[in-house]
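Me: Got a minute to go through a model with me? I'd like to start with the charged side chains and then move on to pockets.
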Amino acid sequence: MRKKEKVILILDLLLEHYGPTKCYLNHENPWQLLIATMLSAQCTDDRVNIVTKGLFQKYTSIQDFAEANLSELEQDIHSTGFYHNKAKNIIACCQKLLSEFNGEVPSDIDDLTSLAGVGRKTANVVRGNWYGIPSIVVDTHVKRVSNLLGLTKNQDPVKIEYDLMKLVPKERWIDVNTQMIAHGRKICIARRPKCDECFLFPLCTGGQTLKKKKFK
């Protein structure tokens, strides 16, 4: 089977099992999605959704976050981890949104990544899930699953992003993000992968190699 054929089969199976794209972070507008994604670094989406439920009632605008007291915001987001840097970046990010982008969240990748605390992953979450711009998001699940499936040999998220952009049809970039994340959470779990239950196992070179080593 050629690599392109393998990729299409993988994409079709992911779509069959997990359906079209769905953002796991609760939000009502682009700045809420931006901040929620910043909070999701090294934190589960479930925890972020618990925190943002009250956070977005307390801070109801970009202006509110830009003028937030640093210590108070740190306490508000404490349970998401790395709260010192996250709070500092959120405030600086929102101040720049007001001063340079008229209080609007930009859709351009370079503009987004110019904001404090916003890397390509966060930028692409916003671009794909709010603006509908085809974007590849590489989190820990996408990194692991794409490596095991032989879609990339890289470990650097940016290199993986570009590898997947070459292989995956552009119209399926947004969907493949959440589908691989779902697969990484439900089946291809980092420390206890359910290879026997995996519908992608026949296509998973990494998983088969690990299984052979296990039973030698």
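Me: Which residues are linked in a network of salt bridges?
Reply: K58, E72 and D76 are. Keep in mind that this is a predicted model.

Me: What's the distance for E72 and K58?
Reply: Their side chains meet at 2.6 Å, N to O. E72 sits in helix α5 (residues 70-76) and K58 in helix α3 (residues 45-58), so this salt bridge ties together parts that are 14 residues apart in sequence.

Me: And K58 with D76?
Reply: That salt bridge is 3.0 Å, N to O. Again K58 is in helix α3 and D76 in helix α5, so the pair joins parts 18 residues apart in sequence.

Me: How accessible is D76, and what about K58 and E72?
Reply: D76 is partly exposed at 26% relative accessibility. K58 is partly exposed too, with a relative accessible area of 40%, and E72 comes in at 39%, also partly exposed.

Me: How many salt bridges does the structure hold?
Reply: Six. Another one pairs the side chains of R120 and E161, at 2.6 Å, N to O. That pair links distant parts of the chain, with R120 in helix α8 and E161 in helix α10, 41 residues apart.

Me: Is E161 buried or exposed?
Reply: Buried, at 5% relative accessibility. Its partner R120 is partly exposed, with a relative accessible area of 26%.

Me: OK, switching to R144. Where is it?
Reply: R144 is in helix α9, which covers residues 140-148. R144 is buried, yet it has no salt bridge.

Me: Which side chain of opposite charge is nearest to R144?
Reply: D139, and it is 7.3 Å away.

Me: So what is R144 in contact with, leaving aside neighbours within four places in sequence?
Reply: G184, C188, I189 and A190.

Me: Now pockets. What volume does the largest one have?
Reply: About 990 Å³. There are 44 lining residues, and the closest to the centre of the pocket are S40, A41, Q42, K121 and D139.

Me: Which elements give two or more residues to that lining?
Reply: Helices α2 (30-39), α6 (83-100), α8 (120-129), α9, α10 (157-167) and α11 (173-186).

Me: And how does the lining divide by residue type?
Reply: It has 18 nonpolar, 17 polar and nine charged residues.

Me: Nice. D139 came up twice, then?
Reply: Yes. D139 is among the residues closest to the centre of the largest pocket, and D139 is also the nearest side chain of opposite charge to R144.

Key: Residues are numbered from 1 along each chain as its sequence is written. This is a predicted model: local features need pLDDT of at least 70, side-chain atom pairs count only at pLDDT 80 or more; totals for chains, interfaces and linings use all residues. Side-chain values use heavy atoms; hydrogens and water are left out. Helices (H or I, at least four residues) and strands (E, at least two) are DSSP runs, numbered from the N terminus. Buried means under 20% relative accessible area, exposed over 50%, partly exposed in between (1.4 Å probe, protein chains only). Lys and Arg count as positive and Asp and Glu as negative; His and the chain ends are not counted. A salt bridge is a side-chain nitrogen of Lys or Arg within 4 Å of a carboxyl oxygen of Asp or Glu. Contact means heavy atoms within 4.5 Å. On a 1 Å grid over the protein atoms alone, a cavity is a set of points where a 1.4 Å probe fits but cannot get out, and a pocket is an open set with protein on both sides within 12 Å along at least five of seven lines; lining residues have an atom within 4 Å of a point. Grid points are joined across faces, edges and corners, and a volume is the space filled by probe spheres set on the points. Ala, Val, Leu, Ile, Met, Phe, Trp, Tyr, Cys and Pro count as nonpolar, Asp, Glu, Lys and Arg as charged, and the others, Gly among them, as polar.
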